[in-house]
Amino acid sequence: MAERLGTILMDFWTRLIMAWISVLPLVQPISTDPPQSLQDRSILALNELNGDPSAFNRAKRGWVWNQMFVLEEFSGPEPILVGRLHTDLDLANRNVKYILSGEGAGTIFMINDKTGDIHAMKRLDREEKAEYTLTAQAIDRDTDKPLEPPSEFTIKVQDINDNAPEFPDEPYHVTVPEMSSVGTSVMGITATDADDPVYGNSAKLVYSILEGQPYFSIEPHTGIIRTALPNMDREAREEYLVVIQAKDMGGHMGGLSGTTTVTVTLTDVNDNPPKFTQSLYHLSVLEDMAVGDVAGRVKANDRDLGQNARSLYEIIDGDGMDVFEITTDSQTQEGVVTLKKPLDFETKRSYTLKVEAGNAHIDPRFISKGPFKDTAAVKITVEDADEPPVFSLPAYFLEVRESVNVGSVIGQIMARDPDIVVSPIRYSIDRHTDLERLFNVNADDGKITLAKPLDRETEVWHNITVIATETRNHSQVSRVPVAIKVLDVNDNAPELASQTEAYLCENGKSGQVIQTVSAIDKDDPKAGQYFFYNLAPEISRNPNFTIKNNADNSVSILARHSGFSRQKQDIYFLPIIISDSGNPPMSSTNTLTIRVCGCSTDGTVQSCNVEAFVLPIGLSMGALIAILACIILLLVIVVLFVTLRRHKNEPLIIKDDEDVRENIIRYDDEGGGEEDTEAFDIATLQNPDGFNGFLPRKDIKPDLQYVPRQSLPPVPNGVDVDEFINVRLHDADIDPTAPPYDSIQIYGYEGRGSTAGSLSSLETTSTDSEQNFDYLKEWGPRFKKLGDMYAVGETDRET
């Protein structure tokens, strides 16, 4: 109601001022003399109030322009009078005309050319345009000549409070930590007003809170929102809705206002300690729980969020500190109790732990609220479970001599049932670890016996697995590894380390070392190996060789004399007896082969074969074999060359001095007639169009350079084959390079056993007139055509 009354009063004063302006124009001619009328004095007073300095400065001219003012948003039944133009040259006897030009002239502003009154024809809005610049001039109405130079003046639109404040960035969301002290700045908020901030209080804003008290306050002139209550707890209330009002006119009655909402959210701080939901937790576990398994979970609740609610758990006391441990689940913030050592129901059946939960991050501002930790007791009960057998040792190590008899006991395995109700145990061997079945175990007492003989030289270690099973519950099974080491016994005789031959030079000297040999023994005595070397008793007085024991378990072979010859004996066999130092000692006789060889002067072996004496000097057997192989290869090449020359094809052209019968191989080949496809090119007959050029003969090489005759046009597919052959025959007859024996391919060979005899005319000395070929008709239909060709009548015969 108060705002409505202020608006009515404001509108009243506005209309009163406009009425006064319409009676007293803002602009009047100012002469160089002091004004004489009340109207002039009133105009000067109004101009002084409007801050127009021209009211105090008198120009030495006929008339002076002042700024004019017009209220915005003024609307009435008549156009509003802005001002009046007048010049001292406008006397009663002068005909003066006023004209107006510039911004809005003729549209927004109209001038009475006789009186000089300027009226605003439209409602003006200062927020759209604050001032207008126009040009006024007084001219003679009759001659249109200017009485005064044109002068520029300004019409300013005076502001009224017609725009309410606005918040451009609404709505607003802001956060502030909980438990903040009074006066903590939340945010600064600013509203805008489109009215003139210079003229009056239309744009002077004052801020206030309509909703959100008593939690928040706002500074009236700056718009800064601050906390107004201490210890605002997020856990009690997290979000607040604050309504802010901005009012112009300095907050006075009649001003316009705008509102906005600010959502204030309290952020979390670590102001709450963790708390266990109960003081005693009960957990139960089986005694066969594996190490690392979870025994249970406990949780201390914290009303804070995120890192502020993160807790760390620790066991600070109890008889199970060494058996259990507790860790923090980062996802659920629970304390996870896990087993650290194996349990035994028969030894201890319950444990008590004191668990503490404390915040990982503590805010020093709230230490005064008390310790940010809490404790609880955890009682863990161990329940009995059927456990598998337990061996007396985690692993067993046995030793056995390789000479022990089969069936001997080499060791014993012991296992027991740890449960209160003891079950008998049965033992067995996992045969996957004893594929050769070398060992057995007694099922009742666990004694391991030997099933097969052992050989240390074959395998020193045997690793088997013994299984212990409860007889009352076969699912309760335990396994234990058993390592069996085979101890050595001196059961192998020594022998030469290498079976290579020794070489003796023919030009060697007496006492020369032929070779040094050593021995090996598969046995491995603890004191190490030591060997003794001797020559066999039957050759102990060997006239050719002797031995010399060295200090490094080896022996050197020496020659007793010089002058060895391959011609006399090229190979010697020297038996050596080698004995070890075992108990009892083992010995063996090994034969060393000594080969007599030819050597160079520096002792390098060159040849050890007897045949080398008969070979040429400087050539070895290998070189002679290579030379012989080359000679044989050359002979083979020559024989192949001669054979190929003899099988070279004879030329097809028959020489004059040769008998044609020498080229006849068979005489029983007859022409096939039309069925013979080898006497001509069947492809040419099947496709006459493809014969488009000269095809040279393959049986001769023409001596003349014959220019191929122009080929005939292609014969249609439907041409008669007989006609085609006749044409080609005619071409061949007139060809000077064609041989006259073109029919040899068909009739060149005749059968030797033919009943018709030879058909060749080359062997007869009679002439054609003396021949009678009538008998050809008697040979059958195959010779009928030939008989008709040679048959002649009496007239022809006489001719």
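This short talk goes through two nonpolar cores, one buried asparagine and one surface patch.

What we have here is a predicted model, in which local features need pLDDT of at least 70 and side-chain atom pairs count only at pLDDT 80 or more, while totals for chains, interfaces and linings use all residues. Residues are numbered from 1 along each chain as its sequence is written, and side-chain values use heavy atoms, with hydrogens and water left out.

Let me start with the interior. The largest nonpolar core, meaning a set of buried Ala, Val, Leu, Ile, Met, Phe, Trp, Tyr and Cys residues joined through side-chain atoms within 4.5 Å, has 25 residues, and F276, F324 and I380 have the most contacts inside it. At least two residues of this core come from each of several strands (DSSP runs of E, at least two residues), including β16 (280-286) and β22 (373-383). Apart from this core lies another, of 23 residues, with F391, V441, I484 and V486 among them.

Turning to N490, we find this residue in the loop between β31 (477-487) and β32 (495-496), and it counts as buried (under 20% relative accessible area, 1.4 Å probe, protein chains only) because its relative accessibility is 17%. Its side chain reaches the backbone oxygen of P584 at 2.9 Å, and the side chains of N490 and D580 are joined by a polar contact of 3.4 Å, where the term covers N or O atoms within 3.5 Å, one able to donate a hydrogen and the other to accept it, with residues adjacent in sequence counting only if both atoms are side-chain atoms.

Finally, on the surface, L628, I632, V636 and L640 form a nonpolar patch, and L628 is placed in helix α3 (residues 621-646). Patch residues have over 30% relative accessible area and no salt bridge, with nonpolar side chains joined within 5 Å, a salt bridge being a side-chain nitrogen of Lys or Arg within 4 Å of a carboxyl oxygen of Asp or Glu.

Terms used: Patch = residues over 30% accessible without salt bridge, like charges linked within 9 Å, V, L, I, M, F, W, Y side chains within 5 Å. Areas by Shrake-Rupley, 256 points an atom, 1.4 Å probe, with all protein chains shown as cover. Helix = DSSP H or I, 4+ residues; strand = E, 2+ residues; numbered from the N terminus. Buried < 20%, exposed > 50% of the residue type's maximum accessible area, 1.4 Å probe, protein only.
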